Amino acid sequence: MRLPPPSSPTQLLRLRLTRSALSRSAVSTTSPLATSTCPSSRGTVSTKVRAAAITASPRFQSLLFPPSTATTTTTTTAFFSRNNLSTSTTVNKRDQTVKPTATLAPSIPVVLRASVTGLGLLFVLGLGLGYGITGFLGQKSTEQQELPSEASYTTIKKNIQDILDDESSTTNMSREIAPGRPGNLTPEQEEKLKQLWKLIFQVCGVSSPSPSSESSAPAATSDDVSIKGDDKKKKSKLSMFSRKHKKDSDDTTPNSTSTASGSTPGSPAIVLNASTTSGDDDKYNQLSKFHETLASQSPAAIRETIWSMVKHDHPDALVLRFLRARKWDVEKALVMFISTMNWRDNEMKVDADIMRSGEGGAAEAEKMEAKTSEEIAKKKLAIDFLTQTRMGKSYVHGVDKQGRPICFVRVRLHKQGEQSEESLERYTVYLIETCRMLLQGSVDTATIVFDMTGFSMANMDYAPVKFMVKCFEANYPECLGAVLVHKAPWIFQGIWRVIRGWLDPVVANKVHFTNNISEMSEFISPEKLPKDLDGQEDWEYKYVEPIPGENDRMKDEETISKLQAARAELVKEYEEATLQWIQGGNSEELKKKRDAIAEKLRVDYWNLDPYVRARSFYDRIGVLLPGGKLDPFLEGKKDAGVSGITEGVAKVGVSDTQADDVD
């Protein structure tokens, strides 16, 4: 019996698919008919096999399944096409094998099948439409029944606002205290802090916290080094303030009580481990600076310089930076602390010159008529400093997702040789110190973004990079939160390999490379990022010149003396409370007392600040407000209807940040 020819392309396609399926089943059997009669080596199925499979003649079935084999046949009808082809599976009870066969299903009228299919589709569509209408009406009914009242709307709005305010406060101030900071110290870390304060007080000549035998021991000179065997801990004793000239101590012996010139008789000796004095990991030669400071400065001078470092910081927070940087090694932290103090006071003159002169002092020096070589050099230094400030080579704006101030460095604006190396260093220190004014609360680090857009080899200058690395590793420890190198070109890869070799592994791990706004948004919200970095904030750097008279309070010597005397009393209170704490006073009451005095020191600094620090660009535009308050995104100016940075904003900022007197 032959099948009727297909009457449409659809029937033809279905028939071909059916033939292909049945032919594969036929080929998989072990029957001789499954072997191709085609001479091709590919083993394709012959036309006779496919025809036999389709017609499923009795002779074909008898060849596949001999009558002697007991079988049970189950037929499943599948409507592959209008020709009603069906497939069958035969299960061999003897070996449980399954063999497919093909038969013809009884003829079913095409119209009937189409009608049944159409009715099924209509039923499904009607059912779905009914459920949709029912759900919609039910939802409307529920909404009408549960419509909240006006009071409910007010409560919901208030709750949402409270959540947003709480998230904003958490983001900007980072309420969670990081480990190793005041208020989140382990007992071991607290003990290390006590030990470091004890050594600092010895250096400063503050009364010893415990009149033990070590305080009454004779002071040794810096040349008296005792090493007790190779298997024992090697230590070297040195007087805190002894001179390092051997000629002054040639006639002394290790047991002599005489001291070198400039030393303090009877002062307790500082005992340093040989691992500290060896200087194996002394990358910046801080140990020699430590000895130099002890030998050349009096305890009172060292004490004064140390407390000038403490601005609006918690004193413990400042000291803990050095402990964390030296992995809680007390003696190495002391060496780093004292050498940093020496660097600030003697080398860079941070407080006495850079921050006291500021932008206003540079503007005055720029306009002066230079006659002597010293005046010419001073004027050139001021011009170089202001040139960088005006162009916005680097600026601080906004905060990242962790509330850290962001310093943007536009590398393309730097050209090697345009400014002197000294002016570059002063500018770097000035920017770091200014950014330090923007650290508040538990936020004690900043983020630096190096914008590498348009970078070329003409912008590469290793000297300022090396100085910046030294600043953060040796003199501003634990101040760096993250470094983002944005859109670095391929030529920077070799440069980065050189720079990475200079970095401490801890600092190197803080460097991240970003290429687009998506990667940058992991650290900074796009809406808080300026548009020139593909962000959404409509803000750009426009420098505001210093205003005449903005630093007049720095000339009021009488008020300065009163403020400094009041601060000295607070410092003395803090030292006394710390001495009690070191002696073993671990009571919560004593800890609260120290924290309360530290808070007084913070508030007191902002009273003193306008008299010792020249006003900066950030004071003039209103980012840094009186009392240390911050407005990093100038939200107050936006609320007042002022957008961007204009001369009007600058004048408003100056009038806000300057008062006639500070009580």
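# Checking the labels

User: What makes lysine 487 count as partly exposed?

Analyst: Lysine 487 has a relative accessibility of 31%. Buried means under 20% relative accessible area, exposed means over 50%, and partly exposed is in between (1.4 Å probe, protein chains only). So 31% puts lysine 487 in the partly exposed group. Keep in mind that this is a predicted model, where local features need pLDDT of at least 70, side-chain atom pairs count only at pLDDT 80 or more, and totals for chains, interfaces and linings use all residues. Residues are numbered from 1 along each chain as its sequence is written, and side-chain values use heavy atoms, with hydrogens and water left out.

User: Where is lysine 487 found?

Analyst: Lysine 487 is in the loop between β9 (480-486) and α17 (492-502). Those labels come from DSSP runs numbered from the N terminus: helices are H or I with at least four residues, and strands are E with at least two. Lysine 487 also has a positive phi of about 60 degrees, although it is not a glycine.

User: Which label fits aspartate 534: buried, exposed or partly exposed?

Analyst: Partly exposed, because its relative accessibility is 42%. Aspartate 534 lies in the loop between α19 (517-520) and α20 (557-582), and its phi is positive too, near 70 degrees.

User: Why is threonine 445 called buried?

Analyst: Its relative accessible area is 11%, so threonine 445 falls below the buried limit. Threonine 445 is in the loop between α15 and β8 (446-451). Leaving out residues up to four places away in sequence, threonine 445 touches Arg404, Pro405, Leu439, Glu478, Cys479, Leu480 and Gly481, where a contact means heavy atoms within 4.5 Å.

User: How do you know that arginine 410 has no salt bridge?

Analyst: A salt bridge needs a side-chain nitrogen of Lys or Arg within 4 Å of a carboxyl oxygen of Asp or Glu. For charge, Lys and Arg count as positive and Asp and Glu as negative, while His and the chain ends are not counted. The nearest side chain of opposite charge to buried arginine 410 is aspartate 532, at 4.2 Å, so the pair misses the limit.

User: What does the side chain of arginine 410 reach at 3.1 Å?

Analyst: It reaches the backbone oxygen of methionine 391. That fits a polar contact (a pair of N or O atoms within 3.5 Å; within protein, one must be able to donate a hydrogen and the other to accept it, and residues adjacent in sequence count only if both atoms are side-chain atoms). Arginine 410 itself lies in strand β7.

User: Why does cysteine 407 have no disulfide bond?

Analyst: The closest cysteine sulfur, in cysteine 435, is 6.1 Å away from the sulfur of cysteine 407. A disulfide is a pair of cysteine sulfur atoms within 2.5 Å, so these two are too far apart for a bond. By this rule, the count comes to 0 disulfides. Cysteine 407 is buried, with a relative accessible area of 9%.

User: What makes helix α13 kinked, and where?

Analyst: The bend at a residue is the angle between axes fitted to the seven residues ending there and the seven starting there. In α13 (residues 350-367), the kink is about 80 degrees, centred on glycine 358. The buried residues of α13 include Ile354, Gly358 and Ala362.
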